[in-house]
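Subject: A structure for you to look at

Hello,

Here is the structure I promised to send over. Have a look at it first, and then read my notes below.

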Amino acid sequence: MRALASFFIVFVIIGGISCHYQTEFCNRPFLEDLPPTVTKIGIGSCGSENESQPILNTMASKNLDLFIYLGDNVYCDTDNMDEMRSEYRKLSCKSEFVNLITSTYTIAVWDDHDYGENDAGASYPYKEESKQIFLEFWNEPDTSSRYQHAGIYHALYFGDLTHRVQIILLDCRSFRSLQIEENGNYIPDESYSASMLGDAQWMWLEEELQKPAQIRIVCSSTQFATQHNGWETWDNYPNEMNMMREVIQSTGAEHLIFVSGDVHYAELSKRNYTGLYPIYDFTASGITNIEHNDRPNVYRIGEPVKEPHAGMITIDWGAQTIMFEVINVAGNSVFSYVVPWSELEF
Ligand SMILES: [Fe+2]
């Protein structure tokens, strides 16, 4: 009996150290559990930990191979790391969240509100502490290179060489220079010191894009291919945007799409850049938070979706197409658009 009691105490202590969240939360699928060919990927962002998140149950029933969180995964603007951890804990206690993450392999980037401060960049003083909480919450393996460098950028690969999907997880917060504001709107910063990704992340990205992959999904919390709209967009960093164009061009990376969050509605943008095939940017932003006053976007295809939603990307390996869909809480596809791979080639 005493031995049993000792075992129980050790179990509780170890459990407490290895995971700050309840047991179900720590019981998630491993990378090795994924099927050899990834075909269905969910994306989402902007979910308040203080609200019900039924869209997660909907997405858990879609038999996704993978779900990617694109930032504002919790809203914890604070300099107090205990407060930040407690906001994450609220999310971890939601049955719909546990349902998603125990049924679907889930990975994440952060945006400003889970980084720690509205519209924050490199100067946020608690970015190291915030990163530790982020990596622990999202169950980052001990062997991950994310622990070895500043910021949370990362790349993951799924499938064999003929079905390889590359997921590039950008960190659009840790290295971002302050944005220029004019009359309540952000305006483009033309200076060469204006930074979105930072030197080390750019060098890493250039190397990753040279690695073989059939499909490349670049995850950017900040919208990439939308029109300048006074909010946070890559358009506020014209030199960095140009750098992205050059890196895609010089590496010859094809079949590359962007996914993004942040704006609290869903939309698909398609923008042409000199020397590139069309760049699609699929935004899914509204696990709970919805903005009804969408900004103008001449690059938008169709209408924005302004109800709680998640995005779904289906790769058809036979037909060689990518389908973008926006899924609402009822499980209906309220937006869909198919892009042939051949459109995403030089
Ligand atoms: Fe948000």
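How many helices and strands are there in the chain? There are nine helices and 15 strands, taken as DSSP runs numbered from the N terminus (helices are H or I with at least four residues, strands are E with at least two). The radius of gyration is 20 Å, close to the 20 Å that the globule rule gives for 346 residues, so the chain is as compact as a globular protein of that length. That radius is taken over C-alpha atoms, and the rule is 2.2 Å times the number of residues to the power 0.38.

Please keep in mind that this is a predicted model, where local features need pLDDT of at least 70, side-chain atom pairs count only at pLDDT 80 or more, and totals for chains, interfaces and linings use all residues. Residues are numbered from 1 along each chain as its sequence is written, and side-chain values use heavy atoms, with hydrogens and water left out.

Now to the iron ion. Its protein donors are C46 (SG), D72 (OD), Y75 (OH) and H264 (NE2), at 2.2 to 2.6 Å. Donors here are N, O and S atoms within 2.8 Å of the metal (3.2 Å for Na, K and Ca); water is not among the atoms, so sites may look incomplete. D72 sits in the loop between strand 2 (66-69) and helix 4 (81-92), and H264, 192 residues apart from D72, in the loop between strand 9 (256-260) and strand 10 (266-271). Both D72 and H264 are buried (under 20% relative accessible area, 1.4 Å probe, protein chains only).

Best wishes

Key:
Buried means under 20% relative accessible area, exposed over 50%, partly exposed in between (1.4 Å probe, protein chains only).
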